[in-house]
Amino acid sequence: FVFKNGMAAKVYFVAGVGIVYTSQQRSQRFYLGHNDDIISLSLHPNRRHVATGQVGKDPFVCVWDSVTMETVSILQGGHESGITCLGFSSDGEKLVSVGLDNQHTLVVSNW
């Protein structure tokens, strides 16, 4: 998945790293808030905040700022094995995550 943030930079992930690539400057910046591989990503409607979910025994979601590369929120609990899908509500106030467990547990968070 590759998304464009509000600064026209490309936002994507490789392994456990969130990456923001600015083609005009040919530069990459890295978000390092995960401790296992990222398997899902969603871009907030404001096109600045990013949610990434990881795989693992105790997976969590990081919401981070694609401009400052700082963590905004960490959401833990409710999932086992990993977080396979993420999506912000249209107003950006809620974040839905789907687990990698056999029941594909759905969690709605006020992040």
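Buried here means under 20% relative accessible area. Keep that cut-off in hand for the close-ups below, which all come from a predicted model.

**View 1. Ser40 sits in strand β5 and is buried.**
Strand β5 covers residues 38-43, and Ser40 is found within it. The relative accessible area of Ser40 is 2%, so this serine falls under the 20% cut-off and counts as buried. Its side chain reaches the backbone oxygen of Ile83, at 2.8 Å. Leaving aside residues up to four places away in sequence, Ser40 touches Phe13, then Ala51, Thr52 and Gly53, and also Ile83, Thr84, Cys85 and Leu86.

**View 2. Tyr31 and Trp64 form a stacked pair.**
A pair of aromatic rings is described by the distance of the centres and the angle of the planes. Two aromatic pairs turn up in this model. For Tyr31 and Trp64, the ring centres are 4.7 Å apart and the planes are at 0°, so the pair is stacked. Tyr31 belongs to strand β4 (residues 27-31) and Trp64 to strand β7 (residues 60-65), so this pair ties together parts that are 33 residues apart in sequence. Are these two rings' residues buried or exposed? Tyr31 has 2% relative accessibility and counts as buried; Trp64, at 0%, counts as buried too.

**View 3. Phe88 and Trp111 meet edge-to-face.**
Here the ring centres of Phe88 and Trp111 are 5.8 Å apart, with the planes at 75°, so the pair is edge-to-face. Phe88 lies in strand β9 (residues 83-88), while Trp111 lies in the segment after β11 (106-109), so the pair ties together parts that are 23 residues apart in sequence. Phe88 is buried, with a relative accessible area of 14%. Trp111 comes in at 25% relative accessibility and counts as partly exposed.

**View 4. Cys62 and Cys85 are too far from each other for a bond.**
How many disulfides does the model have? The count is zero. Why is there no bond at Cys62? The closest cysteine sulfur to that of Cys62 is in Cys85, and it is 17 Å away, too far for a bond, because a disulfide needs the two sulfur atoms within 2.5 Å. Seen from the other end, the sulfur of Cys85 has its closest cysteine sulfur in Cys62. As for their surroundings, Cys62 has 0% relative accessibility and counts as buried, whereas Cys85 is partly exposed, with a relative accessible area of 41%. Cys85 also appears in View 1, among the residues that Ser40 touches.

Key: Residues are numbered from 1 along each chain as its sequence is written. This is a predicted model: local features need pLDDT of at least 70, side-chain atom pairs count only at pLDDT 80 or more; totals for chains, interfaces and linings use all residues. Side-chain values use heavy atoms; hydrogens and water are left out. Helices (H or I, at least four residues) and strands (E, at least two) are DSSP runs, numbered from the N terminus. Buried means under 20% relative accessible area, exposed over 50%, partly exposed in between (1.4 Å probe, protein chains only). A polar contact is a pair of N or O atoms within 3.5 Å; within protein, one must be able to donate a hydrogen and the other to accept it, and residues adjacent in sequence count only if both atoms are side-chain atoms. Contact means heavy atoms within 4.5 Å. Rings of Phe, Tyr and Trp (its six-membered ring) pair if their centres lie within 6.5 Å; planes under 30 degrees apart count as stacked, over 60 as edge-to-face and the rest as tilted.
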